[in-house]
Amino acid sequence: MTAPYMGKPISRVDGRLKVTGTANYAAEQDPPRLAFGAIVRSTIASGRIATIDTAAAAGASGVVTVLTHRNAPRYAGPPHKAMVDPERGEKLRVLQDDRITHQGQPVALVIANTLEEATHAATLVRVTYSAAPAITDIAHARAVLPTQQKTDQGERQSPVQQRGNPQGALAAAEVKVDHQYVIPRENNNPIELHATVAAWEGDRLTLWDKSQWVDNVALEMAAIFGVPPESVRVVSPFVGGAFGSALRTWAHVPLAAMGARVTRRPVKVMLSRREMYYGTGYRPHTTQRVALGASADGRLSAILHEDEQETSTYEEYTEAVLDATRFLHSCPNVYTRHRIKRLNVHTPTWMRGPGEASGVFALECAMDELAVALQLDPVELRLRNEPERDEYRKLPFSSRSTRECYRVATERFGWGRRNPEPRSMRDGRWLIGWGMATATYPSNWAPAAARARLLPDGSAEVSSAASDMGPGTWTSMTQVAAETLGLPMERVRFTLGDSRLPNTPPHGGSMTMASVGSAVQAACRKVRADALARGSEGNDLVAAMRRIGQPVEATVNATPGADAQKYSKHAFGGVFVEVAVDPDLGETRVRRVVGAYGVGRVMNPKLSRSQCIGGMIGGIGMALMEHAVVDPRNGRIPNANLAEYPVPVHADSPPVMDVIFVDEHDPHVNPLGVKGLGEIAIVGIASAVVNAVYHATGKRIRELPVTPDKLL
Ligand code: MOS
C-alpha cells in the first residue's frame, strides 16, 4: 500500500503478533530467578491491624519472605501526584502502617518460588484487627461538596454552577419532569488482568507493567524508592484492555517493586479477577436528580442536575458528571451541583467515558421523559434545543455535527417508521422499542513528545512513550509517520510503551491521537526537512539519506497552541437503539445500534469502527448487566467475578451495530483535526437502551442495570 495512509482502513500492524500469541503482555515476562508475590488483603473496611502472624507462611514450602507493615521498606517520600490522581487526598501508602481504610487493602505480600507456593502461603498469614465503625453503605452516607471539581479539560471549578434563574424557571415551566437516576458501581473488566514484574539491578528498577501511562509509573516508583526517575524503566508494549483501570498506579505495583528490592530477585505480582474489584478501581455509584422545564412547544427553560458519587476516605475522586449538561442543549437557566460521599471503600477511578457516561445517561433519559410529556419526537425535542454555541463557556464550538448525526442515523435506522405509542410495536410476542440519545465527549489535547529517526537505508524509526490499550495506537501512529515522511508504511517502525521514549500524557481521555499524533507528525516533519536540507537531493528523501550516510534524528514536543482557548471542543454523536423485551420474562435484548458521530478526522475507519463497536457493547453492559454489589455491612463485593458480574458476550452483542462517521473538518482542535473517539463510543448508549425499553414496555426504569426483575 502507498500513501496517503491517514484516513485509510489499514489493519493493525501488530495484528499478527497478537493473533499468533507472540505479543508479550506484562504477566508473560519471566526473567531469570523470578519469584512470585501473592497479596494478603484486609477483611475489614476500617480500623487497625492488631496482630499479624507470618510464621506459618514464612515456613511454608518455597516461601522466600513475607512483607508486612512491620518489615516493608519505608517510602522515601510522598507518593507522586499526577493529572490522573485526585487533587485532594493522598494515595494509599502500601504496607507503611497498621491503618485499614477499606476492605481488600493489601496487608501483606508473600513471595515464593512459584505462584502456587505464594498463593498457598498467603492463606497461612493470620491477621487480627481492631475494627472501627465503617460506612460502606451509599444509602446512608452523607453527601458533601467536594473542595472543587475539575472538568474533563482540567478546568478547576466550583462544584456548584448556575446561570440564570433555574429554580424560578422550573417553577414557571409549562411542562416539567423531575426524577432521580441511579447508576450502581461498575467495575473495569479488561480481559488482561493487571500485572507487574519488577526487577532491580542495584539502584535501577525495571518494571513490566500493564499501564496506560508508563511515564507516570516511573515517576511514582522514583518517588517511593527515592531514586532518580531515569533509574526507573517501565515497559508496557501491549495492554489487553483497561478502560481507564491502568491510568493510575495501584498498590500491587509498588508491592512488586518492594518484593523485588527485598529479595534481590525479580518479582511478579498478578491480580486475580476477584482482586481487580478491590485493587484497580471502578466507576463510582452515582445518584442523580435531573429536573427539566420547557415551554409547551418544547424549548428548554430550566435544567437542574445534581449528582452524588462515592469516593474513599483518603482521596477526593471527582469526575465531570455535570459538564455536558451545561452545553449539550440550549437553555438559559441551568443549575448543576456535584457532591461526594466519603465511604470506607477504595478510591474509584476512570472507567470508559468517565463523567459523561454517567451524567449524559441521566440527562438523556430525562430528555426522553420530557419528550413523552410534550408528546414530541425525542429527536425533534433535541433539534429545537440545539445550541448555536457553548452557552457555558460562552465560546463557539470548534465544530458540532449533532444535526447531521441525527439526520444520517435516523435515516439509516428508519426512525421515521417509529410509532411513538409505548407497547405499539411488536415482533411476534416480543415487545419492540426504539430509543435514542445524544452523545458527547471533550476533545482533549495535552503536550506530548515524539522522536523520528531516519536511517541511511531510507527507513525510519519513530517512537513515543505512548500506550496502546486496544484502539490501535501502534497502527495509527505508523500511518501518521509514514505519510508525513513520505515513506511506505513497511519502511517505518513505530515503537511505544517504554518510559525511556519521549514523554506522553496518559493514554486516556481520548487524547492519544490528538496529543501523540500531533507530536509524531511534528517530529516527522522536522526530521524530513532536516534530512532534505542536508542531503541536497531536492525532494527525494531516500536519496538524501543515502547521501548523508548516517542517521538523522529529531525529537519534538508538541504543545497546544493559543487557538485551543478560543473554542469549545467536543465530539458529538447521536445513538439509536432497538430493543426487544420478552413481556413474560422481562428479558431485554438489544437488536440494533446505530451511532453517528462527528469526531473530526477519522484516522483509520477500520480501527475506529472497531473502537465504536466496543463502546456500544460496553454501553449495553452498563444498561443491562453491570452492577458491582457492595455489602453495606463491610464493603465486600460478593460478585467480584465474571460469573456473577456479567458483561456482554457475543450472544449479547446485537447483530446490527452500525457506525457512521459524518464528514467533519475541524481545523481548531489540533493539527491532525482529530477529536478523539474512545470515550464517546460508550456515552449515550445506556440512555438510548433505557429509552427504548420505555418505548417497548411503557415502563420507565431509572436505576441501572435494566434487569428482568425491574420489568416484571
Ligand atoms: Mo479512559 S477512562 O481515560 O482510559
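In this predicted model, helix α5 (residues 214-225) and helix α6 (residues 252-263) approach so that their axes come within 11 Å and cross at roughly 50 degrees. Axes here are lines fitted to C-alpha atoms, for helices over the stretch in contact, with angles running from 0 to 180 degrees between N-to-C directions. The crossing angle makes α5 oblique to α6, a class left over once angles under 35 (roughly parallel), over 145 (roughly antiparallel) and 65 to 115 degrees (roughly perpendicular) are set aside. On the α5 side, Val217, Met221, Ile224 and Phe225 make the contact (heavy atoms within 4.5 Å), and α6 brings Val253, Pro254, Ala257, Met258 and Arg261.

Turning to helix α11 (residues 473-485), its 13 residues should span 18 Å at 1.5 Å a residue, and its end C-alpha atoms are indeed 18 Å apart, which agrees; the expected span is 1.5 Å times one less than the number of residues. Of these 13 residues, 12 are buried, so α11 is largely enclosed by the rest of the structure; buried means under 20% relative accessible area (1.4 Å probe, protein chains only). Trp474, Met477 and Leu485 are among the buried residues. The partners against which the buried residues of α11 pack include β25 (448-454), α12 (512-535) and α14 (605-624). Just after α11, glycine 486 has a positive phi of about 75 degrees.

Residues are numbered from 1 along each chain as its sequence is written, and side-chain values use heavy atoms, leaving out hydrogens and water. Local features need pLDDT of at least 70 and side-chain atom pairs count only at pLDDT 80 or more, while totals for chains, interfaces and linings use all residues.

Technical notes. Helices (H or I, at least four residues) and strands (E, at least two) are DSSP runs, numbered from the N terminus. Buried means under 20% relative accessible area, exposed over 50%, partly exposed in between (1.4 Å probe, protein chains only).
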